[in-house]
Amino acid sequence: MSDPIVIIDHLRKVYEPYSRGMKLLLRTSVKEPVVAIDDISLEVRPGDVLAVLGPNGAGKSTLFRVLTGLTTPTAGHASILGYDTTLDSSAVRRLVGFMPAENRTLLLRHTCRENLAFHGRLQGMSRRTLGDRIDETLEKVGLLHARDRVGFALSSGMLARLMLARAILHEPSVLILDEPTGAVDPIGSFELLGLVQDIAKEQELAVLISSHRLDEVELLDDQVVLLDRGHVVYSGDLDTMLAHAKRPVVEIQFDAEAVAESCSSILGRLAGVDGVESDGSLLAVTTELPMGIIIKELNGHVDHINSIGRTEPRLRDVLREMLRVSGKDLPQ
Amino acid sequence: MSIASGLAKRARRGAQIGSAFFHIGVRDSLNYPLALVMQGLATFVPIVTFLFVSELVGENGVDVAFDYYTFVVLGVATMSVLGVTLNSFGGAMLNFVTQGQLEMFLVEPMPWRALPFALVPWPTFQAFATASLMVLLSIPLGASYALGGVPTAILIVFMGFAATLAIGILGASIKVLSKRTDPVLQLYTIAASVLSGAFFPVELLPSWLRAFSWVIPHTYVIQALRRVLMPQGEVLPGPSAWQAIAALGAFSLVMYPLALWVFGRALEYGRKIGALSGY
């Protein structure tokens with residue numbers, strides 16, 4: 001097994017309330033220290049795609065900000081190819097390709113070529129190598145045909161591809177993608193993630209990708225770190241995590257909340273049903289019973305069911321299950 | 001690696017970063033042609049306004065080298081160009097923060113302290129071109145200049161750019177954290193408008209106030225430019241061109257280490273408390 005490219009060792013980041021002097025310049029709502037990440041340790045090897053999963057506020061972006069040198073850890077350390085992200089920030093920034101969540105980080109009034117040329121020059125690439133490399137990279141992400149189109153003329157999916165092109169242009173060793181599919185439609189998302197996987201394999205990159213969408217992470221089918229309120233709740237392969245979390249859930253949508261309430265008590269008494277949760281007019285029934293039996297049971301009690309079907313676990317369900325396994329509480 | 005080759009490498013890298021931002025700045029300006037045209041048209045306003053003011057003031061005073069119109073056009077043109085040098089870095093930083101681009105730049109492997117030198121050249125060049133246009137347009141309206149003084153004037157202006165950029169970096173250091181404003185540039189701009197003698201001779205100021213004029217780089221640039229560019233400029237009081245250049249050089253030598261240190265500290269502090277991306 002090859003040596004890890006990214007090593008994160010007992011990393012902790014606490015955002016302190018502003019000092020009195022700083023409050024004179026800018027107000028903040030932070031009154032107490034906020035622990036953004038706490039005692040996180042992990043490693044990423046060449047060719048690995050590590051999905052960093054977690055709800056908003058889990059600490060994904062802070063982790064990436066430490067790795068890109070945009071903030072400093074309060075304790076612990078992180079390194080990329082042996083370079084400390086705090087002490088050797090400049091060297092680290094040469095090794096990292098970063099794709100932020102927002103496409104407004106691009107120069108939207110400039111063409112794809114201009115965006116990449118600008119980035120390449122800031123990366124220290126010579127004009128001679130830059131010309132060929134830009135076309136090669138745009139071709140790789142499927143944007144060569146749009147190379148002279150300005151950012152504003154591109155779709156969200158194309159902008160995401162352009163940001164990916166910018167991240168890989170200088171041939172980094174590590175690719176950090178912060179919710180890269182945020183503004184992209186589902187088909188575009190899957191295409192983009194497929195592209196990331198191909199590039200990671202081809203160039204032996206260590207990839208860290210954050211997401212709060214479980215379906216995306218399933219596509220990546222690699223290593224997963226599940227974060228919650230700055231802590232690692234699970235670290236390992238995706239299949240094991242999903243095996244923990246996959247519960248047979250049937251979701252039933254009724255017309256009204258009152259109907260859902262009465263059906264909840266009926267189904268709650270049914271043998272083979274492990275639990276019923278209601279959310280307005282929606283019931284989530286944990287059971288391995290065939291759907292036909294559930295419908296039969298409800299027959300005569302309701303006139304109409306809007307929809308019924310088995311659901312895949314949601315991130316919140318996975319998180320809940322993993323927290324249950326680790327003996328912690330679900331965040332409110 | 002020898003010190004010389006190390007410096008040459010740094011200079012090449014600096015030029016590469018500077019030209020990247022300069023190129024982007026040019027393209028950005030060309031993307032808004034109406035704004036460019038309006039900026040050019042705006043140069044007419046002060047030179048026409050002060051044409052009438054000069055008629056009111058008269059042109060016989062020694063303190064204005066017998067030509068108030070040329071005297072004031074040089075003052076206004078210098079104020080406008082140095083004002084851009086002073087404010088463009090803080091303005092650009094604020095723009096990048098609000099557009100969400102600052103953090104992307106900070107992820108690039110370039111020294112953060114190179115940012116002021118990379119972001120300011122294009123707006124300063126633009127302002128220099130506009131100020132030159134202002135001076136040229138004033139000629140048919142009655143202003144007269146000593147063409148022989150142009151090379152020295154250009155040197156004085158460049159020294160002025162350097163000195164005011166140092167103050168601009170100090171101001172931007174606060175703006176990185178405070179986001180909207182900074183007291184350094186605000187107070188300096190107010191002081192420079194009154195104390196630099198852009199619109200009237202510094203000698204008209206009370207003597208206690210006049211002393212403050214000579215701690216402001218603007219004053220040296222404006223006074224020296226008048227002395228080299230006005231046909232009878234040598235009658236004006238104040239420092240000679242070379243004295244002004246020396247003073248501006250000394251000012252830069254003291255201010256740059258301080259300004260860059262403060263700027264570096266502000267970015268490091270913003271990085272630590274996570275305040276670089278918000279606005």
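**Reading a two-chain model, step by step**

Mentor: Start with one pair of residues. Gly275(A) has Thr286(A) as its bridge partner in β13(A). Keep in mind that this is a predicted model.

Trainee: Which strands does that pair belong to, and how do they run?

Mentor: Find the two strands, then check their sense. Here strand β12 (residues 273–279) and strand β13 (residues 282–287) of chain A run antiparallel, joined by 6 bridges. Next look at the link. The two strands form a hairpin with 2 residues between them. In the turn, Gly280(A) has a positive phi of about 70 degrees.

Trainee: Which strands pair with β1(A)?

Mentor: Take one neighbour at a time. β1 (residues 6–15) and β4 (residues 75–80) of chain A pair in the antiparallel sense over 5 bridges. In that pairing, Asp9(A) stands opposite His77(A) of β4(A). Now the other neighbour. β1(A) also pairs with β2 (residues 34–44) of chain A, again antiparallel, over 7 bridges. There Lys13(A) has Ile37(A) of β2(A) as its bridge partner.

Trainee: How many helices and strands are there in each chain?

Mentor: Count by chain. Chain A has 12 helices and 14 strands. Chain B has 12 helices and 0 strands. Read chain B from the N terminus and you meet α-α-α-α-α-α-α-α-α-α-α-α.

Trainee: Why is chain B called as compact as a globular protein of its length?

Mentor: Compare its radius of gyration with a rule for globules. The radius of chain B is 20 Å, and the rule gives 19 Å for 279 residues; the values are close, so chain B is as compact as a globular protein of that length. Its C-alpha trace spans about 60 × 40 × 35 Å along the principal axes. Chain A spans about 75 × 50 × 50 Å.

Trainee: What share of each chain is buried?

Mentor: Of the 279 residues of chain B, 46% count as buried. For the 332 residues of chain A, the share is 39%. Then look at contacts with a separation of 6 or more. In chain B, residues 24 or more positions apart account for 77% of them. In chain A, the figure is 69%.

Trainee: Why does Ala160(A) count as buried?

Mentor: Count neighbours around the residue; 20 or more within 10 Å make it buried. Ala160(A) has 25 C-beta neighbours inside 10 Å, so it counts as buried. Its place is in helix α6 (residues 156–168) of chain A. Skip the neighbours within four places in sequence, and Ala160(A) is in contact with Asn103(A), Pro180(A), Thr181(A), Val184(A) and Leu192(A).

Trainee: How many residues of helix α2(A) are buried?

Mentor: First, a general idea about helices. An α-helix has 3.6 residues a turn, so residues three or four places apart point the same way. Now the case. Helix α2 (residues 60–67) of chain A is mostly covered, with 8 of its 8 residues buried. Among them are Lys60(A), Phe64(A) and Arg65(A). Just after α2(A), Gly69(A) takes a positive phi of about 80 degrees.

Trainee: Which residues have the most contacts inside the largest nonpolar core?

Mentor: That core has 160 residues, and those with the most contacts inside it are Leu164(A), Val174(A), Val207(A), Val73(B) and Ile156(B). Helix α4 (residues 68–98) of chain B gives the largest share, 18 residues. Try Val73(B). Beyond four places in sequence, Val73(B) is in contact with Ile47(B), Phe50(B), Met134(B), Val135(B), Ser138(B) and Ala143(B). Apart from the largest core lies another one, of 12 residues, including Ile252(A) and Val276(A).

Trainee: Where do the domains of chain A lie in the sequence?

Mentor: The domain assignment gives domain 1 (6–244) and domain 2 (248–312). Their C-alpha centres lie 41 Å apart.

Trainee: How many residues of chain A are in contact with chain B?

Mentor: An interface is often sized by the accessible area lost when the parts come together. Here we count residues. 27 residues of chain A are in contact with 29 residues of chain B. On the chain A side, α1 (20–25), α3 (89–95) and α4 (112–122) each give two or more residues. The largest share, 4 residues, comes from α4(A). By class, that side has 11 nonpolar, 8 polar and 8 charged residues.

Key: Residues numbered from 1 in each chain as written. Chains lettered and ligands numbered in written order. Predicted model: local features only at pLDDT ≥ 70, side-chain atom pairs only at ≥ 80, totals over all residues. Domains from an automatic or database assignment. Contact = placed C-beta atoms within 7 Å. Nonpolar A, V, L, I, M, F, W, Y, C, P; charged D, E, K, R; others polar. Core = buried A, V, L, I, M, F, W, Y, C linked by C-beta atoms within 7 Å. Rg over C-alpha atoms; globule rule 2.2 N^0.38 Å. Pairing = 2+ DSSP bridges.
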